[in-house]
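Subject: Handover of a structure and the findings on it

Dear colleague,

Please find below the structure that I am handing over to you. My notes on it follow directly after.

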Amino acid sequence: MDERYKIKYQTPSIDAFNQLRVEAGLSSKERKAIEIGLPNTLFAVTIYDEDTLIGLGRVVGDGGVVFHVVDIVVKPSYQGQGIGKKVMEEITDYLDEHAYQGSYVSLIADIPADKLYEQFGFQYTAPNSVGMYRMYK
């Protein structure tokens, strides 16, 4: 990762969060949902190129039993520079300090990002369990 990029441990602005998600091909989120969700983040890592948000990752959950890794996203024009890997390194460091024996850490992996997550010890749950979701529209 380029040394000029700045790492911060804070959630981004609502607009920067949603803009980065959309630009990277993830779904847009309703503003009210973001207003509620971002402050409830357990841990956030953001990476900036000057004032431009180029990378993001968050951990949400109850802070003890369950942790869920979400919003791992890198601005498309910055992909392939190790930014996603740096985000996961920071998240792993956080989890190593804050998760307990028996804590459950999960994420939903879009392909091909699953290969990145495998590097940090994440494993497929199938065939014993499978990821499921319910989306509200």
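Which residue in E5 is the bridge partner of Phe 67? The bridge partner is Val 105. Please note that the model is a predicted one. The notes below begin with the strands and then turn to the aromatic rings and the surface.

**Strand pairing**

E1 and E2 run antiparallel and are joined by three bridges. Within this pairing, Lys 6 has Tyr 48 of E2 as its bridge partner.

E2 is in turn joined to E3, again in the antiparallel sense, by seven bridges. Two of the partnerships may help you to find your way: Tyr 48 is bridged to Leu 53 of E3, and Phe 43 has Val 59 of E3 as its bridge partner. Tyr 48 thus appears as a bridge partner of Lys 6 and also of Leu 53. The hairpin of E2 and E3 has two residues between the strands, and Glu 50 takes a positive phi near 60° there.

E3 also pairs with strand E4, which covers residues 66–74, through six bridges in the antiparallel sense. Here Val 60 has His 68 of E4 as its bridge partner, while Gly 61 is partnered with Phe 67 of E4. Four residues lie between the strands in the hairpin of E3 and E4, where Gly 63 takes a positive phi near 80°.

The pairing of E4 with E5 is parallel and rests on four bridges. Phe 67, named above as the partner of Gly 61, is the residue bridged to Val 105 in E5.

**Burial of the strands**

How many of the residues of E2 are buried? Seven of its seven residues are buried, and E2 is described as mostly covered. In a regular strand, side chains alternate between the two faces of the sheet. In E2, Phe 43, Val 45, Ile 47 and Asp 49 point one way, Ala 44, Thr 46 and Tyr 48 point the other way, and all of them are buried.

Strand E3, residues 52–61, is mostly covered as well, with seven of its 10 residues buried. In E4, seven of the nine residues are buried, so this strand is largely enclosed by the rest of the structure.

**Aromatic rings**

The count of aromatic pairs comes to three. In one of them, the ring centres of Tyr 9 and Phe 43 are 6.0 Å apart and the planes lie at 35°; the pair is therefore tilted, as this angle falls between the cut-offs of 30 and 60 degrees. The two residues belong to distant parts of the chain, 34 residues apart: Tyr 9 is in the loop between strand E1 (6–8) and helix H1 (14–23), and Phe 43 is in strand E2 (residues 43–49).

Is Phe 43 buried or exposed? Its relative accessible area is 13%, so Phe 43 is buried, because the cut-off is under 20%. Phe 43 also pairs with Tyr 94: the ring centres are 4.6 Å apart and the planes are at 15°, so this pair is stacked. Tyr 94 lies in helix H3 (residues 83–98), 51 residues from Phe 43 in strand E2, and the pair thereby links distant parts of the chain. Both Phe 43 and Tyr 94 are buried. Through these ring pairs, Tyr 9, Phe 43 and Tyr 94 are linked into a cluster.

A further contact concerns a charge and a ring. Lys 8 lies over the face of Tyr 48, at 4.7 Å from the ring centre.

**Surface**

Val 65, Val 66 and Tyr 104 make a nonpolar surface patch of about 280 Å². Tyr 104 is in strand E5, which covers residues 104–107. With a relative accessible area of 47%, Tyr 104 is partly exposed.

With kind regards

Key: Residues are numbered from 1 along each chain as its sequence is written. This is a predicted model: local features need pLDDT of at least 70, side-chain atom pairs count only at pLDDT 80 or more; totals for chains, interfaces and linings use all residues. Side-chain values use heavy atoms; hydrogens and water are left out. Rings of Phe, Tyr and Trp (its six-membered ring) pair if their centres lie within 6.5 Å; planes under 30 degrees apart count as stacked, over 60 as edge-to-face and the rest as tilted. Buried means under 20% relative accessible area, exposed over 50%, partly exposed in between (1.4 Å probe, protein chains only). A charge sits over a ring if NZ of Lys or CZ of Arg is within 6 Å of the ring centre and within 35 degrees of the ring normal. Patches are made of residues with over 30% relative accessible area and no salt bridge: like charges are joined within 9 Å, nonpolar side chains (Val, Leu, Ile, Met, Phe, Trp, Tyr) within 5 Å. Accessible areas come from the Shrake-Rupley method with a 1.4 Å probe; for residues, only the protein chains shown count as cover. A salt bridge is a side-chain nitrogen of Lys or Arg within 4 Å of a carboxyl oxygen of Asp or Glu. Two strands pair if DSSP finds at least two bridges between them.
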